[in-house]
Amino acid sequence: MKRDEWKTLGWATALLAVAALLPLTGDGYLISLGVSIAMYTVLATSWALFSGPTHYISLATAAFFGIGTYVMGSGIEVLPYWVLLPIAGLIGGVLAALVGLATLRLSGVYFVIFTLGLAEMTRQGVTWYQNQTGHKGTYVLTDLTDNDIYWQLLGLAALVYLVGWGIGRSRLGFALRIIGDDEDVARHVGINTALSKVALFVVSGAVAAIVGAIIAPRYVYIEPSTAFTPMLSFQVVIMALLGGTGRLWGPLVGVIPFTLLWEAISSSFPNQTTLLLGLSFLAIVYLLPGGFVGLYDRLKGRAAKRSAMA
Amino acid sequence: MKRRTLFKVTTTLAATLVAGAAFAQDSIVVGAVAPKTGPLAGGAAVTHWPNIALWVEEVNERGGLNVGGEQRMLEVIEYDDQTNPSETIKAVQRLATQDDADIILAPYSTGLNLAAAPIFDKLGFPQITSSAATDQIGELTEQFNDMFFLLGRSTDLAEDAVEVLSDLREAGEIGNKVAMVNVADAFGIELAAVGKPALEAAGFEIVYETSYPLGTQDLSPIMKAAKAAEPDAFMAWSYPPDTFGLTEQAMIEELNVKAFYTAVATAFPSYGARFGAAAEGVMGIGGVNTASPEFQDYAARLEAATGSKPDYWAAGMMYASLQILEEAIETTGTLDMAEVTQYIKDNAFETVMGTIDFDDQNNNTAYWTVGQWQDGEFKGIKETGREGAVEPMVKTGWE
């Protein structure tokens, strides 16, 4: 590794260590905000790993998240907690692979619509199964506190960053960037485009499922309507786009201000939350088309030009 | 925090107007979180929010709560959880740590109450749930000691409905053939999972059985098929939109059954308002003792104060939960929640729904399970220990 990379790694580790100290404040409110931020950071970053380079907008986050919560919900009575997390990831990954193989040959809007439908389809599948078996409510009663959930999400975030960093340096990452620029060119130079896309989709699917499994104990009672809420998919996309998908740290700088904005709106204007959020979306898209990453690059470019002229 | 200041101003104003020279003490901050948007907003607007408005208004008109000899006004802070459990948890945290709430009211619905249970437990607030129906009361209260249940076990709700049918059959009023449908979603599935074996155990013949997804618009094929099976009774473990939809289709198809049961929302005043005389004889989940003067008085006050009629199931229980909290605070004379919780566990309370006495699992074991529209009111016909149940009647057409 180059010196610069060591430096980045050092900074990242230091930031992670600071973030891990949050529960020591003992402030329940800060910790619950921290859980939200950590959860969306993991989801948005893993989403951007796939959607960033390929420009495929996936609205399937809720489907994988929901699968994860149900793996935890139905398994917690029979299997130990720690076994269920990798199982959730595995099932999420397998589902992503199947869906990816079937749909990633589609492009653009067809893929978006399919992924949106996927969450609803999985939800109906789970409901159908419950209805067939005469299910009586899914309860996840554990001793896990918000602190434990926060630390687990933080650990998962570290893992996602490592994977993302590794992919960025690998042949796979290079291939994906070419696919994003021009898929035909990529195919002509001999890149297996379908396989590369599926590989990344599997990563983001597996991660979202593990997040669902980690969050399940927090909900105590799992219902299809909350596990598969389509809002989640949209929020993840909006946060990732606010940050910018061009860099690994992009989604993080979207998630933090967005979560704080959401919090400020829902605490100050409890009766107009949805309206104000809609207006914020419009403002974000209009004023920050490339997200914070785009803004940063633009400012950096301008500064470079100025120093070149001087 | 403009809203809070405004509230303080209005409550202080009210205090000086009503209590005359009374010096305004520090007000008691009451935190409330429930859906104002999202799928459960409609239910919360009928069952949950109006009760809080009524309670706060009446207590403040009286000059506030008496806490250890001091009259203190109520100041309510409301949050919308968007029917999202994460938001419920965050809002409860916010109420406790940012708004320094003295009391936090239990949220709305089974799912949101259970999601909030760990945080209520950690913060040490009593959580008197009035809209959570579950079979896990024992397990839940063992883990969350400050959680209370008013609405009862879901198993009783379904089993009692079947029992009503059995009684009608024993009396020779209806035959043996039942058509049973359910909405394929959490509570609908749970009720059907209890109801079906109960019907079979009672010796009923299920001549038609199906389920439909949540949000199904066209229920006419279901009603047509049910009618073709020529049942004596029709049971639907349904949710608000389909409770209305199935009733409408039954009228269109002129489903000629002597017992017609739909589950959630049959007890809503809007059900009676929409179907009028056709609702006569329809049975559903819930019920109250409509003849009780306490309930009649409460219903009148609620309508006068908020313009909203109470539903005939959980609304009264929601108000009862506030009465319980009020009595516990005034009698113990403290806002120390551990003491208040202990008082709730140890005592019986007189409420608009009758006496409520929690058992050692913090469960109210006496509740209404089945009601029926009779003379324009949804009257309780089956209970687990309440007074005032009326005799069920046979449904005679849809006119």
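Buried means under 20% relative accessible area and exposed over 50%, with partly exposed in between (1.4 Å probe, protein chains only). These views show a predicted model, in which local features need pLDDT of at least 70, side-chain atom pairs count only at pLDDT 80 or more, and totals for chains, interfaces and linings use all residues. Residues are numbered from 1 along each chain as its sequence is written, chains are lettered from A and ligands numbered from 1 in the order in which they are written, and side-chain values use heavy atoms, without hydrogens and water.

**View 1. A:Phe114 on helix 5 of chain A.** Look for this residue within helix 5, residues 109-133 (helices are DSSP runs of H or I, at least four residues, numbered from the N terminus). A:Phe114 counts as partly exposed because its relative accessibility is 31%.

**View 2. The two domains of chain B.** An automatic or database assignment sets the bounds: domain 1 covers 2-153 + 291-368, and domain 2 covers 154-288 + 369-383. Their C-alpha centres are 31 Å apart. Here 15 residues of domain 1 touch 23 residues of domain 2, contact being heavy atoms within 4.5 Å.

**View 3. Where the domains of chain B meet.** Together, domains 1 and 2 bury about 1,700 Å², 66% of it on carbon and sulfur atoms; this is the accessible area (1.4 Å probe) that two parts lose on being put together, summed over both. On the domain 1 side, B:Tyr312, B:Trp313 and B:Trp368 lose the most area to domain 2, together 51% of what that side buries.

Technical notes
Helices (H or I, at least four residues) and strands (E, at least two) are DSSP runs, numbered from the N terminus.
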